[in-house]
Amino acid sequence: MTQTFHIVGAGLAGLSCAIRLAGEGRRVVLHEAARMAGGRCRSYYDSSLDLVIDNGNHLLLSGNRAARDYARRIGAADELVGPQDCVFDFLDTKSGERWRLRPNLSRLPWWIFAQDRRVPGTTARDYLGALGILRARGGATIAEAMECSGLLYERLWGPVLLSALNTDPREASAGLAAAVLRETLAAGGAACRPLVARRGLGSAFIEPALATLRAKGAELRYGARLRGIEFSDDRAERLNFGEETIDLGASDSLVLATPPWAAQELMPGLEAPDDFRGIVNAHFKIAPPTGQPLLLGMVGSLSEWLFAFDDRLSVTISGADRLMDEPRESLAARIWAEVAVATGLPAELPPWQIVKEKRATFAATPRQQARRPKAETRWRNLFLAGDWTATGLPATIEGAIRSGYEAARSAARGA
Ligand SMILES: Cc1cc2nc3c(=O)[nH]c(=O)nc-3n(C[C@H](O)[C@H](O)[C@H](O)COP(=O)(O)OP(=O)(O)OC[C@H]3O[C@@H](n4cnc5c(N)ncnc54)[C@H](O)[C@@H]3O)c2cc1C
């Protein structure tokens, strides 16, 4: 019998694990409960807009090395676009003030001394406050590590940390924030250039991965929800998909790349994150005005980040649990009112879609951070992957892909 690696869950963790294993010439079977791959990072045709849209806008930074490696492996590196320099446009929606944050490319952060590169109204000294995050003790929140108030917090650290962690920075883990900062801003502007999947998440992360897997002989099974695993003392022995069961051969391995709630149902005694935060995305079918930046940070408004695609404007709101029960019509109207002012477009509401992802990411708090398991389990042929495993990063594309790579390494080693 050919040794087989069964991977359950075709989100980015499962796909990246499959890409690594299939790339090494190993036999891979990928089982996905849904009718399509991508999980929380997907594109789909929206009939009310007659457009292909993403479930949510996703921002990467040039320092996301695993995500960029994955994009290269699947031949999609060109799908991620952004400015050549590290440039972030911002608008203070209350005062109308606009500015461009321009960290210099090298590691030495001289940009904080240049008035036209830093946040208006701040001094170089203000930026030293963030050092508290880098020096925080394990288990500390950001509020314990730095002052969470003042102009620089409102205009920079608050919005940036909220979007990176999808959790109110005051309650979020300083350790996770430090991990993000070390790999991006503290590594210099070269590691901090914004990257966006301009033609959508499907074209950048999913379809090329599926094509690569097919070309390498991997088997892709959709509508295949794993319902149970039979275990012996130290191994996973049988997979139960309802209509069908699959016996694992003596050398076969299983990688569970589902969200944590599904993994907890399948694996007895698994401790995993159990508190989540939502994200709201608003998509408007309207061409952006000339000169609209690819990404605009909006401060002091409900809208947080405005993405300009060729055929639509899309807004992301993180840590959005408070908005989950608000009617979609009211959200669309409130968000468009802000976007119209920010862009100078007419106030009349264009065709819109609101996507609410209730459990977009685990809450990046110290308590949840302590619940993240590593890839190996007490069963020697069972491994875990997912943005919620112990990657050291918050729930991001980068974390999901690193977890997939780690599970692939562990499974290949254990096999
Ligand atoms: C709206 C939104 C915006 C985001 N923005 C960003 C961003 O800007 N930048 C960034 O880096 N990250 C962002 N993220 C986070 C990023 O999308 C996730 O970290 C990443 O996609 C998680 O991938 P995953 O493979 O770990 O999990 P998932 O994508 O959840 O994949 C798990 C898969 O398992 C399948 N599954 C579940 N149960 C079973 C079962 N029993 N049997 C078989 N299959 C099963 C699911 O259908 C799913 O396809 C965002 C997320 C959301 C929701």
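Three strands line up in an open sheet in the order β5-β9-β6, and their pairing is antiparallel. Its edge strands are β5 and β6 (80-81), each of which pairs on one side only. Two strands count as paired here if DSSP finds at least two bridges between them. Helices (H or I, at least four residues) and strands (E, at least two) are DSSP runs, numbered from the N terminus.

The model you are looking at is predicted: local features need pLDDT of at least 70, side-chain atom pairs count only at pLDDT 80 or more, and totals for chains, interfaces and linings use all residues. Residues are numbered from 1 along each chain as its sequence is written.

**Strands and how they pair**

- Start with β5, which pairs with strand β9 (residues 194-197) in the antiparallel sense over three bridges.
- Within that pair, Leu61 has Pro194 of β9 as its bridge partner.
- Next, find strand β1 (residues 4-8) and strand β2 (residues 27-31), which are joined by five bridges in the parallel sense.
- Here Val8 sits opposite His31 of β2.
- β2 also pairs with strand β10 (residues 219-221), in the parallel sense and over three bridges.
- That makes His31 a good residue to click on: it stands opposite Arg221 in β10 too.
- Together, β1, α1 and β2 build a right-handed β-α-β unit. Right-handed means that, with the strands pointing away from the viewer, the path from the first strand over the helix to the second runs clockwise.

**A hairpin to trace by eye**

- Strand β11 (residues 228-231) and β12 run antiparallel and are joined by four bridges.
- The two strands form a hairpin, with four residues between them.
- Across the pair, Glu230 of the first strand faces Arg238 in β12.
- Asn240 belongs to strand β12 (residues 236-240), and its C-alpha atom is separated by 8.7 Å from that of Arg225, 15 residues apart along the chain.

**Around the ligand**

- How many residues surround the ligand? There are 37 of them, and the closest are Gly9, Gly11, Gly39, Gly56 and Thr396. A residue counts as near if its C-beta atom, placed from the backbone, lies within 6 Å of the molecule.
- Several elements each supply at least two residues of this shell: α1 (12-23), β5 (59-61), β15 (276-284), β19 (352-362) and α11 (397-414).
- Sorted by class, the shell has 18 nonpolar, 13 polar and six charged residues. Ala, Val, Leu, Ile, Met, Phe, Trp, Tyr, Cys and Pro count as nonpolar, Asp, Glu, Lys and Arg as charged, and the others, Gly among them, as polar.
- Why does the ligand lie between domain 1 and domain 2? Because domain 1 (4-42 + 201-274 + 365-414) and domain 2 (45-65 + 275-362) both give residues to the shell around it. The domain bounds come from an automatic or database domain assignment.

**Helix α11**

- α11 has 18 residues and reaches 26 Å from its first C-alpha to its last, close to the 26 Å expected at 1.5 Å a residue. The expected span is 1.5 Å times one less than the number of residues.
- This helix is mostly covered, with 14 of its 18 residues buried. A residue is buried if 20 or more other C-beta atoms lie within 10 Å of its own, exposed if 12 or fewer, and partly exposed in between, with C-beta atoms placed from the backbone.

**Buried or exposed: some residues to compare**

- Phe88 is part of strand β7 (residues 88-92). Phe88 is buried because 21 other C-beta atoms lie within 10 Å.
- Val119 is in the loop between β8 (98-101) and α3 (131-135). Val119 has 22 C-beta neighbours inside 10 Å, so it counts as buried.
- The C-alpha atoms of Val119 and Leu152 are separated by 7.1 Å, with their positions 33 residues apart along the chain.
- Asn240 has 15 other C-beta atoms within 10 Å and is therefore partly exposed.

**Two loop residues with positive phi**

- Most residues other than glycine have a negative phi.
- Asp50, in the loop between β3 (43-46) and β4 (51-54), has a positive phi near 55°. Asp50 counts as exposed because it has 10 C-beta neighbours inside 10 Å.
- Asn166, in the loop between α5 (151-165) and α6 (174-183), has a positive phi of about 50°. Asn166 is buried, with 25 other C-beta atoms within 10 Å.
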